[in-house]
Amino acid sequence: MTIDRRSLLKSGAGLLLLSGLPAHAAVLTRPLGANPFTLGVASGDPWADGFVIWTRLATHPLGEHGGMPQMVVPVSWEVAEDERFARVVRKGEALARPELGHSVHVEVGGLLPHRHYWYRFSVLGSDVSPVGLARTAPAAGAALDRLRIGVAGCQHWEAGFYDAWGALAREPDLDLVFHYGDYIYEGAGRPAGASGGKGAVRSHHGDEIYSLDDYRRRYAQYKSDPHLQAAHAACAFAASFDDHEVDNNWAGDYDQDGTPPEAFLLRRMAGYQAWYENMPLRRSQMPSAAGITAYRRLDYGRLLRTHVLDTRSYRTDQSCNDVARAETCTPEAHASPEMLGHMQEAWLDEGLGNDRTWNLLAQQVIVMPFDVRAPGAARPVFETDLWDGYRPAKARLRESIKRHGLTNVVIATGDHHKHAAGIVPERDEEPEGKAVAVEFLATSISSGGNGRGDEGFAHILENNPNFDLYTDRRGYQVFDITPRAWTTDVRVMDQVEKPGGGVRSLVRYEVSPDEARLKRI
């Protein structure tokens with residue numbers, strides 16, 4: 001079989017790279033001589049009949065090409081009904097290609113709904129990966145008594161250790177983890193030492209990242225962490241991205257530094273490809289020259305529809321020259337028109353027209369009106385990178401929810417490095433008014449270091465009567481969802497700037513599907 005350049009380009013998403021093996025391709029036939037599974041395994045995007053299983057081969061994660069020869073490497077895989085692999089129900093061989101950083105994405109099908117399965121990989125029959133666990137979704141239309149989802153992200157390597165991921169890996173009976181983004185951070189390495197912005201608890205390898213090889217190496221560094229590997233092995237992920245997978249506060253075709261779009265888009269493409277290579281994603285999320293389609297739905301019977309959103313790729317540029325807190329150019333500060341883009345917005349509106357008990361908007365930046373003015377200041381201040389900077393788009397989102405007559409919308413958010421809980425009101429100017437949705441902002445795994453708890457934030461709750469919680473602690477959240485109630489457990493770490501941090505529950509909330517209202521329990 002031969003593939004000419006024209007055929008490859010016409011494939012659009014590059015799927016020919018994943019399927020056939022050209023007759024003249026260099027294929028590895030000798031042992032690698034070192035463990036190729038240093039980055040662990042992962043699963044993702046469960047459907048009723050299967051899920052994605054992932055690994056990326058790297059014998060020396062921070063070395064050139066991850067220590068891998070620039071050859072195609074055959075990788076065997078197995079899926080079993082038991083962790084000892086006595087009952088293997090699916091198996092096959094995939095090709096780890098240098099064009100995709102020796103990553104492997106297998107879309108396993110033909111499985112039974114709402115069942116646990118174990119999976120593993122091997123190379124040349126000798127090197128065997130760790131074992132991962134995933135659960136398929138319930139069948140379409142099936143009743144479901146309970147669903148548990150973890151929510152986490154913002155895991156700056158230099159700001160703290162990943163004991164929170166270890167704790168999340170030990171949470172009982174999770175069906176899914178929504179990773180809201182900022183899986184990596186793009187900045188140059190800082191000297192290890194003091195935290196708090198002056199140093200790092202551990203250092204990034206290398207300078208700020210721009211090329212595909214740079215991004216691959218940064219992912220390899222983050223994925224070498226054993227706590228993060230344990231979380232991936234314990235449960236399927238629904239992965240999305242925010243800004244730092246490419247560059248801080250990028251928006252559509254624009255970065256924050258004024259780089260010409262034709263140059264920035266090259267960097268964005270490298271970030272997209274590295275994200276795909278390192279996440280357990282389906283082929284429909286593979287980037288192409290036209291961009292990426294990262295938004296998608298995950299259904300769990302009649303209980304839940306999850307809408308995984310992309311709030312970066314299609315948004316218009318932030319107003320006020322991307323000033324983070326635009327006190328001086330209101331009302332222009334709120335007027336950037338597009339957060340999701342026309343196609344994603346229409347897709348979401350269509351998807352909200354369903355009869356499931358709950359709808360989860362799994363996305364990145366704060367939707368609630370969020371007044372960050374300093375204590376004693378008279379004039380409200382809003383951040384332009386949040387939905388507050390995109391109020392025309394926010395108004396259309398609210399109208400979509402209202403048009404469908406929904407009272408069951410819960411929004412999961414990240415990015416802000418704080419735990420918060422509140423409601424999205426019908427009108428930003430009336431934050432205590434009638435709510436259209438409940439929003440849970442999940443804090444960071446490590447970004448921001450230990451944090452300072454509630455110290456200095458009383459004014460935030462005073463400014464924002466739609467908020468019930470706002471605290472600067474690290475951790476994650478767990479959603480426990482039943483037909484009767486949605487319970488959110490806000491989990492916090494005692495510290496992250498040294499290894500060994502412990503986790504506890506800070507507060508729990510309950511929501512009814514009949515009313516967008518928070519209740520502490």
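Select K418 to begin: in this predicted model, K418 is buried yet forms no salt bridge, and the nearest side chain of opposite charge, D472, is 4.3 Å away. Because a salt bridge requires a side-chain nitrogen of Lys or Arg within 4 Å of a carboxyl oxygen of Asp or Glu, the 4.3 Å separation from D472 does not qualify. For orientation, K418 lies in the loop between β15 (409–413) and β16 (419–425). If you then display its surroundings, leaving out residues up to four places away in sequence, you will find that K418 touches L441, A442, T443, F457, Y470, T471, D472 and R474.

Move next to K223, which is found in helix α3 (residues 212–223). K223 is likewise a buried residue without a salt bridge, and here the nearest side chain of opposite charge, E245, is 11 Å away. Apart from neighbours within four places in sequence, the residues in contact with K223 are T38, L39, W54, Y183, L228, Q229, H232, N278 and M279.

Now turn to the aromatic rings, for which the count comes to 22 pairs. Select Y295 and W347, whose rings form a tilted pair with 4.9 Å centre to centre and 55° between the planes. This pair links distant parts of the chain, since Y295 is in the loop between α5 (261–278) and β12 (296–300) while W347 is in helix α6 (residues 342–351), 52 residues apart. Are these two rings' residues buried or exposed? Y295 is buried, with a relative accessible area of 13%, and W347 is buried as well, with a relative accessible area of 16%.

From there, select F370 and Y470, an aromatic pair that is also tilted, at 5.6 Å centre to centre and with 40° between the planes. Here too the pair joins distant parts of the chain: F370 is in the loop between β14 (358–362) and α7 (391–403), Y470 is in strand β18 (residues 467–471), and the two are 100 residues apart. F370 is buried with a relative accessible area of 0%, and Y470 is buried with a relative accessible area of 7%. Y470 brings the tour back to its starting point, being among the residues that K418 touches.

For a group of rings, select F241, W250, F264, Y272 and W275 together, which ring pairs link into a cluster.

Two arginines complete the route. Select R202 with Y162, where the charged end of R202 sits over the ring of Y162, 4.6 Å from its centre. Then select R391 with F382, where the charged end of R391 sits over the ring of F382, 4.6 Å from the ring's centre.

Key
Residues numbered from 1 in each chain as written. Predicted model: local features only at pLDDT ≥ 70, side-chain atom pairs only at ≥ 80, totals over all residues. Heavy atoms only, no water. Helix = DSSP H or I, 4+ residues; strand = E, 2+ residues; numbered from the N terminus. Buried < 20%, exposed > 50% of the residue type's maximum accessible area, 1.4 Å probe, protein only. Lys, Arg positive; Asp, Glu negative; His and termini not counted. Contact = heavy atoms within 4.5 Å. Phe/Tyr/Trp six-rings, centres within 6.5 Å; stacked < 30°, edge-to-face > 60°. Lys NZ or Arg CZ within 6 Å of the ring centre and 35° of its normal.
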